[in-house]
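Q: Please take a close look at a single part of this model, namely the surroundings of one ligand. Then set that part in its context, in one connected account.

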Amino acid sequence: MKPSRRDFLKIAGASAAVGLGAVPVMEALAASGGHGTSPKAQVEKWPEGLTATHWAMVVDVRKIESAEQIEAMVEACHTVHNVPLLNEKRHEIKWIWGTHYHNAFPSQPHEHISEHLHHILFPVMCNHCQNPPCVRACPTKATFQRESDGLVLMDFHRCIGCRFCMAACPYGSRSFNFRDPRPFIAETNKKFPTRMKGVVEKCNFCAERLAVGQLPACVEASDGILTFGDLGDPDSEVSQLLKENYSLRRKPNLGTGPSVYYIV
Amino acid sequence: MNDKGKIVAGLVIFLVMVTFPFWYNLGKAAPAPEIVLSAQAKAAGACVLPKAEIKTEHMQLLDVWRDTVVREGQRVYVNAEGKKFDMSLSNTCLDCHSNRKEFCDRCHTYASVDPYCYDCHIEDPKENDQ
Ligand code: HEC
Ligand code: HEC
Ligand code: HEC
């Protein structure tokens, strides 16, 4: 016998009812079993860790006198993070480096810039933008903006090395590992992982140091040129410095909202 | 035309070759590896999780650790006994299991697992300490 439309609808309705009946069971199953976390285990932060709502860096350019000062910051950063020293320019990896005014602020140079600004090197690094283009470009969400404090960070475990983020970053803050970096690390800091061939890397505002209550390595090595703190707190040192002095950000017209400020 | 002999011989050769790996390995099941606990682990007496759990779930635990550290910025793991651990592959697991070669690797070689973690994570945090 050919089933009638009526029979068909009855069976369809009955199976839908059975299906819906299974929903609570599925939910119970899903709730019961995350892997790897015992029910009673917990995660937390170190009590001494530094927290903020918006981490920012203020560079007091007036205090910069020599290239050695910048070199000290680079050295401090690259040593704690196992950044390799590759002399060939196109393989270079850098988290923080020194650059001239016309490169740091390309829309503003003119012939009559002050002697001081003309001569010194500006420390530049990832700007930890409030509106980061690299995060939008990343197809795997390996680069993300941490909600709690605005840091733009990388999950190296997810980086597939597509380099879209490098194309998206207007500051050249990202480097790609064209080679295995390990042979080019003079002295390995065993507390921090290296990277491997095929991933991108950049400054992380020392997220791993903030977590244990230390300031970024470059700030500690900067002789007071760099100040680091919470822009979300109106009484913090960075907020006070910006309130009292005229400051610049790099390429502000792009709308990225850098968190690194330069007092000139 | 009668190629019965050739066909049967061919079939026998085929069967022998297909089943070769099975009877070649007969009775030679690789013994489970002996894993060695480091002096430090012995002194500590207990792992992050109870033995049965860490044995079967350490990969998931490490996965949770790396996501929690990297993406959520929380770095402390408090286990069911209330003991605190820095959630770190090199600085915690390999600090206590300081003999990776006789511990992790032996078991992994046996199970034919080759984690790529050590391309980045320091595999010998204890050696050549400066
Ligand atoms: C404080 C020291 C310590 C730390 C830290 C530690 N373990 Fe252990 N681990 C032990 C001890 C002790 C045992 C043996 C437990 C037993 O026999 O009851 C063990 C057992 C194990 C086993 C099971 C071995 C077997 O016999 O089958 C694995 C797997 C393991 N640990 C992996 C890890 C991983 C992965 C980490 C990091 C997440 C880690 N351990 C962190 C001390 C430690
Ligand atoms: C008792 C044997 C045993 C010991 C000891 C052991 N492992 Fe494992 N491990 C395994 C097995 C089996 C797997 C594969 C599980 C799977 O594929 O589902 C594995 C998988 C892993 C993975 C995931 C690998 C991947 O490619 O996904 C990591 C990471 C890992 N182990 C780390 C460790 C570390 C670190 C230690 C030492 C502290 C250790 N293991 C000790 C048996 C062991
Ligand atoms: C491309 C390099 C790279 C690879 C490959 C890699 N990691 Fe990581 N991992 C990192 C970096 C960088 C961090 C961040 C360290 C920090 O912030 O302290 C990290 C952090 C972690 C952390 C938390 C912090 C710590 O010190 O351990 C865990 C756990 C971890 N990874 C586990 C793994 C496991 C398991 C594997 C292999 C299955 C792996 N990682 C492979 C680079 C890598």
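A: Helix α3(B) supplies 5 residues to the shell around ligand 3, the largest share of that shell. The model is a predicted one, and what follows should be read accordingly. In total, 25 residues surround ligand 3, and the closest of them are B:Arg66, B:Val69, B:Ser88, B:Cys117 and B:Cys120. Residues of both chain A and chain B take part in this surround, so the site is shared between chains. The elements that contribute two or more residues are α8 (207–210) of chain A and, from the other chain, α3 and α4 of chain B. By class, the shell around ligand 3 divides into 16 nonpolar, 5 polar and 4 charged residues.

Helix α3(B) also takes part in the surroundings of ligand 1. Among the 18 residues around ligand 1, those that come nearest are B:Ala44, B:Cys47, B:Lys51, B:Cys93 and B:Cys96. Three helices of chain B each give two or more residues to this shell: α2 (39–44), α3 (51–72) and α4 (89–96). Of the elements around ligand 1, α3(B) gives the most, with 6 residues. The shell around ligand 1 consists of 12 nonpolar, 4 polar and 2 charged residues.

Ligand 2 completes the account of the ligand shells. Its surroundings comprise 15 residues, of which B:Met59, B:Cys104, B:Cys107, B:Ala111 and B:Pro115 are the closest. Here the elements that give two or more residues are α3 and α5 (104–111) of chain B. In the shell around ligand 2, 11 residues are nonpolar, 3 are polar and 1 is charged. Helix α3(B) is thus among the elements listed for ligand 1, for ligand 2 and for ligand 3.

Helix α4(B), a contributor to the shell around ligand 3, merits a separate description. Its residues B:Leu89, B:Ser90, B:Cys93 and B:Leu94 are buried. These four cover an arc of only 105 degrees around the helix axis, which puts them on the same side of α4(B). An α-helix has 3.6 residues a turn, so residues three or four places apart point the same way. The cover over the buried residues of α4(B) includes α3 of chain B. B:Cys93 therefore has two roles in this description, as a buried residue of α4(B) and as one of the residues that come nearest to ligand 1.

The shared site of ligand 3 leads to the contact between the two chains. This contact takes 26 residues from chain A and 25 residues from chain B. On the side of chain A that touches chain B, the largest share, 3 residues, comes from strand β1 (residues 42–44) of chain A. That side has 9 nonpolar, 9 polar and 8 charged residues. Strand β1(A) is joined by 3 bridges to strand β1 (residues 76–78) of chain B, and the two strands run antiparallel. Within this pairing, A:Val43 stands opposite B:Tyr77 of β1(B).

Chain A, the partner in this contact, has 10 helices and 11 strands. Its radius of gyration is 25 Å, whereas a compact globule of 264 residues would have a value near 18 Å. Taken along the principal axes, the C-alpha atoms of chain A fill a box of roughly 95 × 40 × 40 Å. Of the 264 residues of this chain, 33% count as buried. For contacts in chain A between residues at least 6 apart in sequence, 66% join residues at least 24 apart.

One sheet of chain A is open and has 4 strands in the order β9-β2-β11-β10, with mixed pairing. Its edge strands are β9 (226–230) and β10 (247–248), each of which pairs on one side only. Strand β2 (residues 55–60) is joined to strand β11 (residues 260–263) by 4 bridges, and this pair runs parallel. In β11(A), A:Val260 is the bridge partner of A:Met57.

A residue in a loop of chain A gives a further view of its interior. A:Pro84 lies between α3 (67–80) and β3 (96–99) of chain A, in the loop that links them. With 21 other C-beta atoms within 10 Å, A:Pro84 is buried, because the threshold for burial is 20 or more. Neighbours within four places in sequence aside, A:Pro84 is in contact with A:Ile93, A:Pro181, A:Phe184 and A:Ile185. Its C-alpha atom is separated by 9.3 Å from that of A:Asp180, although these two residues are 96 residues apart along the chain.

Definitions and conventions. Residues are numbered from 1 along each chain as its sequence is written. Chains are lettered from A and ligands numbered from 1 in the order in which they are written. This is a predicted model: local features need pLDDT of at least 70, side-chain atom pairs count only at pLDDT 80 or more; totals for chains, interfaces and linings use all residues. A residue is near a molecule or strand if its C-beta atom, placed from the backbone, lies within 6 Å of it. Ala, Val, Leu, Ile, Met, Phe, Trp, Tyr, Cys and Pro count as nonpolar, Asp, Glu, Lys and Arg as charged, and the others, Gly among them, as polar. Two residues are in contact if their C-beta atoms, placed from the backbone, lie within 7 Å. Two strands pair if DSSP finds at least two bridges between them. A residue is buried if 20 or more other C-beta atoms lie within 10 Å of its own, exposed if 12 or fewer, and partly exposed in between; C-beta atoms are placed from the backbone. The arc is that of the directions from the helix axis to the C-beta atoms. The radius of gyration is taken over C-alpha atoms; the globule rule is 2.2 Å times the number of residues to the power 0.38.
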